[in-house]
Amino acid sequence: MNAPALTVDGFVKTFGGVHAVEDVSFTVADGSVAALIGPNGAGKTTLFNLITNFYPADAGQARFYGASLAGLAPEKIARLGLQRTFQTARVFPGMTTLDNVLAGAHRRVRSHGVRQMLWLPGARQEERELAAEAQALLDLVGLSAFSAAAATSLPMGAQKLVEVCRALMARPRMLLLDEPAAGLTDAETAEFASLLRAIRDNGITILVVEHNMSLVMDVADDVIVLDLGRLIARGAPAEVQRDARVVEAYLGAQME
Amino acid sequence: MLEIQSLCAGYGAAEVLHGVSLRVAAGEIVALIGANGAGKTTLAKTLAGVLSPSRGRILFEGREINRVSAHERIARGIAQVPEGRQIIGGLTVEDNLRLAVFTQRRRLGSAAIHSRIAEIGRHFPVLEERMTAMAGNLSGGQQQMLAIARALMVEPRLVVLDEPSLGLSPVLVSQIFQLIAGFRQRGLAVLLSEQNARMSLAIADRAYVIEMGRVVLEGTGQELLNDPAIAERYLGVGAGSASGDDEGARLRRKDLVRGLAPILGRGSDSVRS
Amino acid sequence: MDQAVQIIIGGIVQGCVFALIALGLSLIYRVTGIINLAQGAFCIFGALLGYTFQVTFNWPMPLAILAAVAGTTVFGLVIARTTFVPGLAYLPNSSMLMLTAGLLTFIEGLTLVLWGSQPYATPTFSGERPLDIFGVLVPTQGLWIAGISAIVILATWFVMGRTALGKALAACAENPMAAQIMGIDVPRMTLMSYGISAMIAALGGIAVAPLMSFQFDTGSFFTNAGFIAVVVGGTSSFIGPVAGGLFLGVTEQLAAGYVSSLFADGVALGLLIITLLWRPQGLFAPRRARRHDVREDVRVHRAIVDFRGHGPALAGIALVIALAAIPWVINDGGLMSSLVITLILFISVLGLDVLMGYAGQVSLGQAAFMAIGGYTSAILATTYGVPPLAATSAGIALSLACALVLSLVTMRLRGAYLALATLAFGLLVDSLTVGLTDLTGGPSGLVGIPSFAIGPLVLASPTAMYFFTLALIVVIVLVLLGGMRSSFGRALQAIRTDQTAAAALGINVPAHKMAAFAIAAVLGSLSGSLYAFDFHFLSPEMVATPRSFELIAMLILGGDGTLIGGLIGAALITLLPTLFQPLALYKTLAEGAILVIVFRYLPEGLLGRGAWLVSRLAGALMETFAPTAAADKLP
């Protein structure tokens, strides 16, 4: 067993007196796919925002391969190799699909600013290589036809895929995906499941928030269940699905 | 009472609803179930008159209301309980209730408004106690009650509820659903968008399943509740493998893994087979 | 002691006017989330309308005042109905801000056309003899101002706090989507708040007009003072803007009374910066209500200009050849000079494009860098005989330093706040160019600036200057193109639309913003220096704040985020008044109208629109031939 990729240690966050996240701790094993599930408003996205320091936590901290993320600016966290996507696809408007994906490679670019402005051969070469890589990635996920189109003109499902590609271009060690399959059809979801597994098989750890239970059951090694800001269960998918508290909180109790 | 005919709507160039048709009869509770992003909220916003449809027709009591403004729709009897409650936190509970009839305040007169607020107070004792409190200081459940009470202020004939159970604890959720089930006795028609499929199907007379901006299934609440496909997709029962385990899928996966390796900067040694 | 009391009374009077403008600004801001830059222009419009009714038409004063207030209110409603309210439905906040900048320019232009450029002084309401209150002389007009302000403030407080209308406006302000769902007609409420704001502004303008001299372009001064008052006071509470206005008025008068009037502007700017850094919610704001802005959902679709491939490269080469051929075709010296100015201004627009078009940081202070560059190099070259090239470099260095300080100070600001901070910076530089008479020659300008020279090569003729500037532009465009088409440009564009997502990708947002500011400053400064050397003369109004608006008009007209688009805008706005001399009077009006119309109907600009049309045409052609292409691919 390797050291955990991500350790979440006692996160607490309140918004105006409402406990959004209450003392949540868990670990995500290196090279695994963990799914974070729970009803709307359970605090899943808040948890993501706490991990990546988009909000400061009231208490608790996250550690990424042992290094504390507390107090680190979001871009510093990204540079450590922890990449995230957003619940509503946040592709950059006014840029092509290819440029959107290339924007993900930002932290890998060696020859910055001035060298590019002077059209130095090395800088041009690097730019060409990255573009080829991004094109290959779009090919793999079946979006190459859209590479020159405005990213915002793509259907929502494709935009979410572009966002995942953008995160992959950064060569992350771990991905945090926030509802990546929302708005995908069943067939697309199956494709997406394969992509997730392929990413994992390349040694990248994944923590995914997802509502689509079949996707969760299909790809997750580990399921973490939140309800009203608290962690109520965690374990293998099959176990969690049988847990009485999960059934009640997530799937809804039967009406009398 | 409400009839929607092949409605298309969306945000700018991004169309979300691709030809939705459904109807709600007087005094009927109709549930609309579907995943995040299926188009439920877009439909609610289009019904409210906040978004205008690009194609299709919305008929209310036999008259087309496509171009009718939001406040006129309320005056005609369509009330909204929007997603995320959308109460005005900086105003008191009573001011929130008063604002619900803002556009009709002259027609109704202050006496009628006063008696309606008193009536709301009788039905919602929780709100009665906190009439002068800032709405933003109410708990989540109380805010949801306020949002529903606010819709009732206009004495509507149709209430459109968008995700009323969002972020509420199971106990509160069943309270809210009991409240909605009680609308039937008042002769109110209800269109209820919910992710909580089990609860909403249980109180619904009829229901529509919406996926990717299209209605894919309709039936009575009980029929859908017993439908195995619905059970798997929305009720989380017996979820199986989404991707096939056949040879083609395995090959495709191998391609993906190998294709990704150079992009992710992984040597072949670090890739699991 | 007496002097101090006099100064404080003067400050309160001035503060009352600032408070009224701040009140109008905050009213619109609370309902829409937009700072209405045109606010100050309504002051001037109202005051001059009052002057015409009272002096020219000889109407009795109460009637004239009433008619002027009513006229301004109707004018405001018409403006809001045709531009502001419809724009809100689909424009993002930054474009809305620029729309109001266009409105400011438009109303100033209209005022210029109607009333000319001379200053006006209207008679006081009740004679010139000041009232003696316990030995302190108070001008009666001051009492009028204080009285009118008190009534307006009380009336606004009553409407906002005590009536159903006020509650509805509060609902629109806090959560427009919820208000709309509750049946509140948000566009009508917006219209109403705009009308009320125009009315308040007119009242303030009419009341203060007898104490100051008004001319067509005093509006931006009032907008700026009102904005500083709003920031200092905070927008969340009703009392904030009023307290902020009074505070600003008294502070400015104290600074002007005890130090110098030049210092007063510095104090205002300092106050603004301290507030923004220390208490961004305002000094007098207890808490800040969160705005749920529905309009954040609005996606801006604009044409994507792709520089890849041979097409753009060939088009660029053709354009350069065409531009280089112009001097052989044209023999008109005047036109040649205008062309040189077009190119020089285009350099400044290029910098603005990087900052605004790519990085999305709205700047209303680009002309200030022209002023810094222009004056530094002109003073060095004229007074100290420094060679032009070295003088220009010194200007660039100073601009760069100013830009770094400005970007550090404004780092955390976004949207309207950033725009207004840059406007305040621009106005500060304006007041320095006018006020530092010993250095800059004051309002009458600096004369005898030598021609630009590179070593022994003196560029004396317009033609020589033209070729030099053109060559410079080719180099600049190539350098910027190299940056914009690679990771640097992508990072700027990412920041423009979504700073959060950009940071999540590991993009260093502050560093990139600073770089964009630096590029804008360098190019602005260079352009200002060339402008001075080319004209052999530099006066404050050549590089003042209206010039900033003009540069934005050029950029938007051509299409922002396209680099080359600004050339079209610069050419149109510079050359049209030259070609049609009678149009010169209408120049400001036309610039304002262009800004408004372009934002309202053509947000992607002429070049962007052209690119869109070309791509649509190409798409249609593809469609026509697609069946054959698809058939070819079939096995």
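**A walk through the contacts of chains A, B and C**

Let us start where two chains meet: 19 residues of chain C are in contact with 24 residues of chain B, two residues being in contact if their C-beta atoms, placed from the backbone, lie within 7 Å. What you are looking at is a predicted model, in which local features need pLDDT of at least 70 and side-chain atom pairs count only at pLDDT 80 or more, while totals for chains, interfaces and linings use all residues. Residues are numbered from 1 along each chain as its sequence is written, with chains lettered from A and ligands numbered from 1 in the order in which they are written.

On the side of chain C that touches chain B, α6 (164–174) and α7 (176–181) of chain C each supply at least two residues. Helices (H or I, at least four residues) and strands (E, at least two) are DSSP runs, numbered from the N terminus. The largest share of that side, 6 residues, comes from α6(C). By class, this side of chain C has 10 nonpolar, 4 polar and 5 charged residues; here Ala, Val, Leu, Ile, Met, Phe, Trp, Tyr, Cys and Pro count as nonpolar, Asp, Glu, Lys and Arg as charged, and the others, Gly among them, as polar.

Now step inside chain C. Its domain assignment, which like the others comes from an automatic or database source, gives domain 1 (2–296) and domain 2 (335–615). The C-alpha centres of these two domains of chain C lie 30 Å apart, and their contact takes 34 residues from domain 1 and 35 residues from domain 2. On the domain 1 side, the elements that give two or more residues are α3 (61–88), α4 (93–115), α9 (219–233) and α11 (261–278) of chain C. Of these, α4(C) provides the largest share, 16 residues. The residues of this side divide into 20 nonpolar, 11 polar and 3 charged.

Another meeting place in chain C involves two helices. The contact of α2(C) with α8(C) includes Phe42(C) and Gly46(C) of α2(C), and Ala198(C) and Gly205(C) of α8(C). By class, this contact has 8 nonpolar, 6 polar and no charged residues.

Finally, turn to chain A, where the domain assignment gives domain 1 (4–91 + 170–251) and domain 2 (92–153). The centres of these domains of chain A, taken over C-alpha atoms, are separated by 28 Å. Their contact takes 6 residues from domain 1 and 9 residues from domain 2 of chain A. On the domain 1 side, the residues divide into 4 nonpolar, no polar and 2 charged.
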